[in-house]
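Reader: I have a model open here and would like to ask how some of its labels were reached. Could you go through them with me?

Author: Gladly; let us put it on the screen.

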Amino acid sequence: MTSATPDSAAEILSNLNINACDWPPNLPKNLHILSPDQIELAKMLLEIGQSHLFQHWAEPGVEDDQKKAFFAQVAKLNSSYPGGLASYIKTARQLLADSKAGKNPYDGFAPSVPAGEVLSFGDDNFIKFEETGVKEAQNAAFVLVAGGLGERLGYNGIKVALPAETTTGTCFLQLYIESILALQEASRRLTQGTCQKEIPFVIMTSDDTHTRMLDLLESNSYFGMKPTQVKLLKQEKVACLDDNDARLALDPHNKYKIQTKPHGHGDVHSLLYSSGLLNTWHAAGLRWVLFFQDTNGLLFKAIPASLGVSATKQYHVNSLAVQRKAKEAIGGITRLTHSDGRSMVINVEYNQLDPLLRATGHPDGDVNCETGYSPFPGNINQLILELGPYIEELSKTGGAIKEFVNPKYKDASKTSFKSSTRLECMMQDYPKTLPPSARVGFTVMDAWLAYAPVKNNPEDAAKVPKGNPYHSATSGEMAIYRANSLILEKAGIQVENPVQQVFNGQEVEVWPRVSWKPKWGLTFSEIKRKVSGNCSISQRSTLALKGCDIFLEDLSLDGALIINSVDEAEVKVGGSIQNKGWLLESIDYKATAIPEEMRTRGFKINKTEQLEKTYSEPGQFVVRP
């Protein structure tokens, strides 16, 4: 577009019904370098009380490129937020005023325990829901929110590039993709589908992770998934706020740049809405959208049964949850009913749930019930939404999620901030805008099966009070071995008890290092079918099953056993297998010569001796010593 000339600047101001005296002194002088669109943006900024942004602009001819870059940033911030910057500032002023006044967002609401399904791993009910979920999987799309780096973990890469466990070295992203592909194939088999439906997989990235995510996918041939199945959606940051008047914060090192920070994973809803993907999926007959976060290596063990619950109960929203102890530092799924009749089922943060209960006629607050757990299940930020009602809701909201603000005040007067703040939103707050008629429920799983997030670095994890979860790379890996060992035990294998060991200052249970590809054991009934006779695994053993049709028959394992096989190979493994095995060796997380992904967990695997068999051709094979 043509820029304004010096002679036309006064005419433009006149046409816009603006008195030049109302504008910061140097802005009218610079109009001739701006396009009409940029002048409109300037007018909008002034109308929403942001004149300070132009107070220190240079004379025309000085730093003109930086002035244009400023408007390019403003245009991006304006277009990437539902309703634009004017809406962002309006919301911010209201939330900042509420924060300063100490307003309780739950005033007038009374909490109660919502309706949901509590599952017990391996019983008939669980198996029934798993089978239903696998059938439904071909009608689902998966969405991973992965906008964060691994710095908090003591890792410089993107979090999904970290190994979920180091026995096979499978990273989180590979585990997720292979799990989706296993669901895709199992769903086709169960429904006797003639055509192969491809399950869509969306990854929400950020400026920090987008390029590295693409590199990880491309350098690993998308871990076996077709590139056309995967779609990356990049979230933008939002403007920072300097004070209670929601004045936009300038970068202290650049007067032509607005400070920005991440808006939170709630952006995934507006990104999906604006991308058009939801309507594409709906037209293709899809029914479910599953949302999950980036470093929970157990999650897909819970997905089939949870999806089965959604389909059976016809939930519009199904929050995956685990049993939580009262006052445990994990949010609780809660029904909130307002005195005016409104109600919603949402996550209430643990530090808000206890005082809310006390203030509404429950003098003991958040306490354990007869089960030994709080009746309010623990939210793990994994959601299953029914696609039709989801599209209907987003068509009203544009994907905007109820926001919050968390300013760090300098003092009790709450008049100024220690540093700039911003509005934030969370994926799990989607139900806040739903009508009372929406069917919102939850599915509770055993924590050992469904929840072992990796989010703390070794130093922070070592400070966690004894008995509380570490949520570190160390505990996350050990949780995978524990879950796999317990599943095999439930399937009839005698698994030796774990031993206690300390790595990176964290005392953990060390079970046999058991791992398998998702296609080997996607559901419990499938695993039971592949185990027979009198099998046993010693505590010091390592078992890695990297194939589909591997059957354990009267196997006694005391050492390391690795089986690699193509899909068309059927392998029967049995007899007594004994060798020196693979040993866990402690390492110091401060030893910089050792790779970060090992240091973060405090041990490395010393591969002393193993029996490893590889079957790269179709056929039937037997492994017996």
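Reader: In what order do the 4 strands of the open sheet stand, and is the pairing parallel or antiparallel?

Author: Please keep in mind that this is a predicted model. The order is β21-β24-β26-β30, and the pairing is parallel. Neighbouring strands of this sheet are turned by 5° against each other on average, with direction ignored.

Reader: What makes β21 and β30 edge strands?

Author: Each has a single partner strand, so β21 (513–516) and β30 (611–615) both keep one side without a neighbour in the sheet.

Reader: How do you know that β26 and β30 are paired?

Author: Pairing takes at least two bridges between the strands. Strand β26 (residues 560–565) shares 5 bridges with β30, in the parallel sense. You can look for Ile562, which stands opposite Glu612 in β30.

Reader: What lies across β21 and β24?

Author: That is helix α16 (residues 473–490), which runs at about 80° to β21.

Reader: How many bridges join β19 to β20, and in which sense do these strands run?

Author: There are 5 bridges between strand β19 (residues 499–503) and strand β20 (residues 506–510), and the two run antiparallel. Phe503 has Gln506 in β20 as its bridge partner. The hairpin has 2 residues between its strands, and Asn504 takes a positive phi near 50° there.

Reader: Let us turn to the helices. Why is α6 called roughly perpendicular to α7?

Author: Helix α6 (residues 124–136) packs against helix α7 (residues 172–190) at an angle of about 100°, and their axes are 7 Å apart. Angles of 65 to 115 degrees count as roughly perpendicular, so α6 is roughly perpendicular to α7.

Reader: Which residues of α6 and α7 meet?

Author: From α6 come Glu131, Val134 and Lys135, and they meet Leu183, Ala186, Ser187 and Leu190 in α7. Sorted by class, this contact of α6 with α7 has 4 nonpolar, 1 polar and 2 charged residues.

Reader: What makes the contact of Arg188 and Glu185 a salt bridge?

Author: The cut-off is 4 Å between a side-chain nitrogen and a carboxyl oxygen. For Arg188 and Glu185 the N to O distance is 2.6 Å, and their side chains do meet in a salt bridge. The two residues are 3 residues apart in helix α7, which means a separation of about one helical turn.

Reader: Why is Arg188 counted as partly exposed?

Author: Partly exposed covers the range between under 20%, which is buried, and over 50%, which is exposed. Arg188 has 25% relative accessibility, so it counts as partly exposed. Glu185, at 27%, is also partly exposed.

Reader: How do you know that Arg342 and Asp340 form a salt bridge?

Author: Their closest N and O atoms are 2.9 Å apart, against a cut-off of 4 Å. Arg342 is partly exposed at 45%, and Asp340 is partly exposed at 48%.

Reader: What does the pair of Asp558 and Arg540 tie together?

Author: These side chains meet in a salt bridge of 3.0 Å, N to O. Asp558 lies in strand β25 (residues 549–558) and Arg540 in the loop between β23 (536–537) and β24, so the pair ties together parts that are 18 residues apart in sequence.

Reader: Which residues are joined into one network by salt bridges that share partners?

Author: Glu185, Arg188, Arg189, Glu526 and Lys530 are joined that way. Over the whole structure, the search finds 30 salt bridges.

Terms used: Residues are numbered from 1 along each chain as its sequence is written. This is a predicted model: local features need pLDDT of at least 70, side-chain atom pairs count only at pLDDT 80 or more; totals for chains, interfaces and linings use all residues. Side-chain values use heavy atoms; hydrogens and water are left out. Axes are lines fitted to C-alpha atoms, for helices over the stretch in contact, and angles run from 0 to 180 degrees between N-to-C directions. Angles under 35 degrees count as roughly parallel, over 145 as roughly antiparallel, 65 to 115 as roughly perpendicular and the rest as oblique. Contact means heavy atoms within 4.5 Å. Ala, Val, Leu, Ile, Met, Phe, Trp, Tyr, Cys and Pro count as nonpolar, Asp, Glu, Lys and Arg as charged, and the others, Gly among them, as polar. Buried means under 20% relative accessible area, exposed over 50%, partly exposed in between (1.4 Å probe, protein chains only).
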